Structure formats: C-alpha cells, structure tokens
Amino acid sequence: MSKTAIIYSFHTQKSKKVAEKITEAFGKDKLEAVNAEELTKEIIEKYDHFILSAPTWFDGELPNYWDEFVPDLEEMDLSKKSFAIFGLGDQKGYPENFCDAIGLLADILEGCGAKIVGQTSVEGYTYEASRAQRGDKFIGLPLDQENQARLTKDRVGKWVEKLKEEFFN
C-alpha cells in the first residue's frame, strides 16, 4: 500500500488545527504527520503521496521552512509522487495575493515532475489575485481562518474525499 504524509509546521496554531482536521477526515491511521521544519530528502523519498501546508506569509511568500527546503526539493525527481496543497490566507487583509503560497509551491513541485491533485473551485471566495488560481480553479485548498473559519470543516471534508479518489485511483 502506498504511504501518505501530511506535512505542516508543528509550531503554528492555525495550520496545525487545519492539518488535524484533514487528518481526522482522512483517517488518523492513513496519514503520517511530518514537521515541515524537519523535512529532508529522505522523508520525501519515503512517501508516495503528500498533503502539504503552505500558509501565505507577508505579501505572498512561502514560509521560511519551505524557502529553506526548496533548493533540496528542486534537485529531486518527483515524477512518481503526488501532492495536494492546502494553504491559509486572508482575503480581506491581503486580497492581492490570497493564498499565493499554494501556487508558489505547486510551481516548484511541478517543475520537479510532481503530480498536483486536489483542485478546488474559486466560488465562495472574494479576493483580487492569487497565484493559486489556474483558470476557474485553485490548484489546492485555500482557507481563510480570519474571515471564513466557519466554512473550513465543510471545505476540508469535501477536499479530503476528492484526495482519496485522486491519490488511490
């Protein structure tokens, strides 16, 4: 059976809570949690499927822990691996780069041959621009815990069902 990891910073509050909701919906026995701040090439090689947390920092940037791992990531062949990305952003406070980190990370992964799964609709969001948007879809699951926290559980549940199909079929 293929192995699936959920990778997020264990030191964040909002991303950690969302990762826990995803783990619960996916099945605790079906995901292995990995601290993004301790990520290595060996960890990436160990798994077939990944759920990655990519909260957008500042004005549309990846978190430091991803920035630090990107050079290692860019040297890897990820053509036999699939990735789903969720990210946190603020549509009202940063509408011009809402959840950009999802798109930034997806671009890097695709450049290494990875398959990106888990696209979601842009409906129900209000923002000006997002690097996570491709056509009428997001390349992952954007979440706004500042302005739409009440929608997170339902969005996560639907996304996880989609991931199960895309990872294992």
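Which helix or strand supplies the largest share of the lining of the second largest pocket? In this predicted model, the answer is helix H5, with five residues. The sections below treat the strands, the pockets and the aromatic residues in turn.

## Strand E4 and its partners

Strand E4 spans residues 82–88, and seven of its seven residues are buried. Ser82, Ala84, Phe86 and Leu88 point one way from E4, while Phe83, Ile85 and Gly87 point the other way. This arrangement can be read against a general rule. In a regular strand the side chains alternate between the two faces of the sheet. In E4, the residues pointing either way are all buried.

E4 pairs with strand E3 (residues 49–53) through five bridges, and the two strands run parallel. Within this pairing, Phe50 has Phe83 of E4 as its bridge partner. Three bridges link E4 to strand E5 (residues 115–117), again in the parallel sense, and here Ala84 is partnered by Val117 of E5. Strand E9 (residues 141–143) is also joined to E4 by three bridges and runs parallel to it; Phe86 stands opposite Leu141 in E9.

## Crossovers on either side of E4

Helix H3 (residues 64–73) belongs to a right-handed β-α-β unit together with E3 and E4. From E4 the chain then passes through helix H4 (residues 100–111) to E5, and this β-α-β crossover is right-handed.

## The open three-stranded sheet

Three strands form an open sheet in the order E6-E8-E7, with antiparallel pairing. Strand E6 (120–121) and strand E7 (133–134) stand at the edges with a single partner strand each, so one side of each is left without a neighbour in the sheet.

E6 and strand E8 (residues 137–138) are antiparallel and are joined by two bridges. Thr120 stands opposite Phe138 in E8. Thr120 also appears in the lining of the second largest pocket, to which E6 supplies at least two residues.

## The two largest pockets

The largest pocket has a volume of about 280 Å³. Its lining consists of 17 residues, and those nearest its centre are Pro55, Thr56, Leu88, Gly89 and Glu146. One of these, Leu88, is a buried residue of E4. By residue class, the lining divides into seven nonpolar, seven polar and three charged residues.

The second largest pocket has a volume of about 230 Å³. Helix H5 (152–168) and E6 each supply at least two of its lining residues, and the largest share, five residues, comes from H5. The lining includes Asp154, Arg155, Lys158, Trp159 and Lys162, as well as Thr120, Ser121, Glu123 and Tyr125. Leu141 and Leu151 also line this pocket; Leu141 is the residue of E9 that stands opposite Phe86 of E4. This lining divides into four nonpolar, two polar and five charged residues.

## Aromatic contacts

The model contains 15 aromatic pairs. Among them is the pair formed by Tyr47 and Phe50, whose ring centres lie 6.0 Å apart with 70° between the planes, an edge-to-face arrangement. Both Tyr47 and Phe50 are buried, and Phe50 is also the bridge partner of Phe83 in E4.

One aromatic cluster is formed by Trp57, Phe58, Tyr65 and Trp66.

Conventions:
Residues are numbered from 1 along each chain as its sequence is written. This is a predicted model: local features need pLDDT of at least 70, side-chain atom pairs count only at pLDDT 80 or more; totals for chains, interfaces and linings use all residues. Side-chain values use heavy atoms; hydrogens and water are left out. Two strands pair if DSSP finds at least two bridges between them. Helices (H or I, at least four residues) and strands (E, at least two) are DSSP runs, numbered from the N terminus. Buried means under 20% relative accessible area, exposed over 50%, partly exposed in between (1.4 Å probe, protein chains only). A crossover is right-handed if, with the strands pointing away from the viewer, the path from the first strand over the helix to the second runs clockwise. On a 1 Å grid over the protein atoms alone, a cavity is a set of points where a 1.4 Å probe fits but cannot get out, and a pocket is an open set with protein on both sides within 12 Å along at least five of seven lines; lining residues have an atom within 4 Å of a point. Grid points are joined across faces, edges and corners, and a volume is the space filled by probe spheres set on the points. Ala, Val, Leu, Ile, Met, Phe, Trp, Tyr, Cys and Pro count as nonpolar, Asp, Glu, Lys and Arg as charged, and the others, Gly among them, as polar. Rings of Phe, Tyr and Trp (its six-membered ring) pair if their centres lie within 6.5 Å; planes under 30 degrees apart count as stacked, over 60 as edge-to-face and the rest as tilted.
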